[in-house]
Structure formats: structure tokens, C-alpha cells
Amino acid sequence: MIGVVMKMTLSFAPMEGVTGYVFRRVHHAFFPQADKYYAPFIAPDSKGEFKISRLRDILPENNDTIALVPQVLANDAEAFLHVARQLADMGYAEVNLNIGCPSATVVSKHKGAAMLREPETLDAFLADVFSRAPIAVSVKTRLGFASTAEFETLMPIFARYPICELIVHARDRAGMYRSAPDLDAFSAALRQARFPVVYNGNVFSADDFRAVSGRFATLGGVMLGRGAAANPALFRTIRGGDKLSLGELRDFHNALIEAHLASGLSPAFTAGKMKELWFYLHCLFPDCARPYKALNKARDLPSLRTCASSLMASCAFEPARGFQPPV
Ligand SMILES: Cc1cc2nc3c(=O)[nH]c(=O)nc-3n(C[C@H](O)[C@H](O)[C@H](O)COP(=O)(O)O)c2cc1C
């Protein structure tokens, strides 16, 4: 039973390598409590062209069971708009701009979080994008590049544009995925916003969700990433529904393997994909160090299946534990 009616939207964060279309479809079939999903970023070249695998990821026919917002990583307005026009032609009503990606490769190309380092260039980029965007544009950002205090300069820039939703990962780029979210800096941003603001960062349990939503009453929504990858039923639990059962997890896991194979992924790549997911799932099994190590060494899909079954059968299962960031 889902007991909580919520005004805030609950969205599944984009996670490159984890939340591709096959994962999203299977996740939604088993746990339909996320309001929407964001696709991992499309990175167009200067002509606005991008990889076929990215196109497949956002094709409407591969996403017809879910609400999806595609995301674009670009620092060139023309390239961004080129992709936005293609998305509009596919029927999408919203495109998300990624200006939060902290990876060194992305930052070295002056994209993602690097754009927060140059507020004037960012302002000019946004002016160009918003003067010509064919569909609504939401923005996913961090609080700053070197410091969360930079958001004091960045927020007045965002406030100049008709951003349909501002998703704030409440860290600076220097904090990567490790530093504690800066809730005070986030709070200041929220007060100034003229558009819905979505909180993102370290919401790994229903208690974490209650702490954030309780503190920020005017929040437009909460986006979950690693917490929902570790516990795929987290959206349901947050809404007051049942916690994840081991049987459900087993069925979800096996259905995901079958869906990857049915999508044309080779057994070897399917095993690789499942290992990436197990980086998150294993957090729900507190004493699984040895079987998890064996799973990571699995050479092929049959041995991955065997290792996963044995881990799930032999280790204590604690769904409330949530994602455990590596120390
Ligand atoms: C493996 C991985 C891949 C990610 N890929 C993307 C991406 O493609 N686009 C994006 O905006 N954020 C990406 N992120 C960041 C997440 O969307 C999210 O902002 C971050 O994990 C913090 O939220 P969380 O604490 O709920 O996980 C990625 C994060 C991880 C761990």
C-alpha cells in the first residue's frame, strides 16, 4: 500500500553506465513509483551529432513505458540546440542541460561543472540557449566549482532565465561524490528561486528523504541516484509503501539480465553491466565481502548468475541499510 500523496516529484537521476533504457524499463515495470527518469548525458560534437548508442537510449520506442527527460552535455549553444530540435521532433517536451558533471575528462573540455567556473560565459550560453530553445529546458547543476559559496554568484544568473526546473546536486565539483552536501548553501539557493528547485545528493533512505523534505518545504522535488540503484524500491518506501523484499530483488535482477540479452547485448557485456549494478546492490548485504569479491571476478554470465544467486541466498539482507559510500 502506498500511503503518502506527494506534491514533490521524485525522479531517478541519470547515471551513465547504470540507468540506460533497459534498466529504466525493467525498473519501472517492477517499481513504478518514480515520477520520471533522466537519461545519462548525450554529448554532441560541434555539429550536434552524437553516438548511435545514445540515440538508442532515448528513442521514444525504447522509453514508451516511462516519463523520460533526455540530458545534453554541451558548452556550445548551437550543438545543444541541434540536439534539442531533434528531441522536439521525437516528441520530447523537455531537455535537461548538464552543467554539473565533475569528471576530469569532461571538465578538461570546459563542459559540465567547468561551466560554473566562468559565470559570464555561462550567462552568455544560457542567453543564447533560452532565446532559441524549441522545448522547455531544465538545468542540473552543482553549487559551484571550487566552493559551494560560488552559488551566490550563479543563482542570480540562473534566475534571469525561464528554467523549467533547476536540479541542484548540493556539492561543489571539488567534492565529487564524497563531500557532505551543503544544505545551508542549498537553502539560500532555494529562497531565491523563481522556478521549481529539485534537491539531489545522498538521499539513500526514507529517513534521508524525510530530513530533506522536512527542512525544505518549498522544494519542487527530490532526485535519487545511488540510493535507488542500491535499493530499487526506494521510491516506493519513500512514498510509504513496502520495503524491498529479497524475492523481488531476485526477480528484478533476473529480469534485468534477460532484458539486456533481449536488447542484443552480448552475455559478456551483460555480465559487465550487472557487475556495475552490484557495486550498488551489494550495499544491502552487510556481510557479503567474500561472495561480492567472487561476483566481481566472474568471467562470464553463467558464473555471474551463480555468484549472484549464492550471495543473495547466503548473506543477511538489510534493505533499509541503503547505499554505503566507499570510505
Ligand atoms: C556512475 C554515475 C554516473 C553518473 N552519470 C551522470 C550523468 O550522465 N548525468 C548527470 O547529470 N549526472 C550523473 N551522475 C550524477 C548523479 O545523477 C547524481 O547527481 C549523483 O550521483 C548524486 O546523487 P546521489 O547522491 O543520489 O547519488 C552520475 C553519478 C554516478 C555515480
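## Charged side chains

In this predicted model, the protein carries 36 positive and 31 negative side chains, and the centres of these two sets are separated by 5 Å. The accessible surface comes to about 14100 Å², and carbon and sulfur atoms account for 55% of that area.

## Overall fold and dimensions

The secondary structure consists of 14 helices and nine strands. The C-alpha trace spans about 55 × 40 × 35 Å when taken along the principal axes of the protein. For a chain of 327 residues, a compact globule would be expected to have a radius of gyration near 20 Å, and because the protein has 20 Å, its value agrees with that expectation.

Of the 327 residues, 54% are buried. When contacts are restricted to pairs of residues at least 6 apart in sequence, 74% of them join residues that are at least 24 apart.

## Two loop residues with positive phi

Most residues other than glycine have a negative phi. Against that background, His110 has a phi near 60 degrees, which is a positive value in a residue other than glycine. His110 belongs to the loop that runs between helix 4 (104-108) and helix 5 (119-132). With a relative accessible area of 43%, His110 is partly exposed, because this value falls between the 20% below which a residue counts as buried and the 50% above which a residue counts as exposed.

Asn202 likewise has a phi near 60 degrees, again a positive value in a residue other than glycine. The loop that holds Asn202 lies between strand 8 (197-200) and helix 8 (206-215). Asn202 has a relative accessible area of 25% and is therefore partly exposed, given that a buried residue would have under 20%.

## Asp128 and its surroundings

Asp128 lies in helix 5, the helix that spans residues 119-132 and that follows the loop containing His110. The relative accessible area of Asp128 is 31%, so this residue is partly exposed.

Once neighbours within four places in sequence are set aside, Asp128 is in contact with Ala77 and Leu81. Between Asp128 and Phe31, by comparison, the C-alpha to C-alpha distance is 39 Å, and the two residues are 97 residues apart in sequence.

Definitions and conventions: Residues numbered from 1 in each chain as written. Predicted model: local features only at pLDDT ≥ 70, side-chain atom pairs only at ≥ 80, totals over all residues. Heavy atoms only, no water. Helix = DSSP H or I, 4+ residues; strand = E, 2+ residues; numbered from the N terminus. Rg over C-alpha atoms; globule rule 2.2 N^0.38 Å. Buried < 20%, exposed > 50% of the residue type's maximum accessible area, 1.4 Å probe, protein only. Contact = heavy atoms within 4.5 Å. Areas by Shrake-Rupley, 256 points an atom, 1.4 Å probe, with all protein chains shown as cover. Lys, Arg positive; Asp, Glu negative; His and termini not counted. Charge placed at Lys NZ, Arg CZ, Asp CG, Glu CD.
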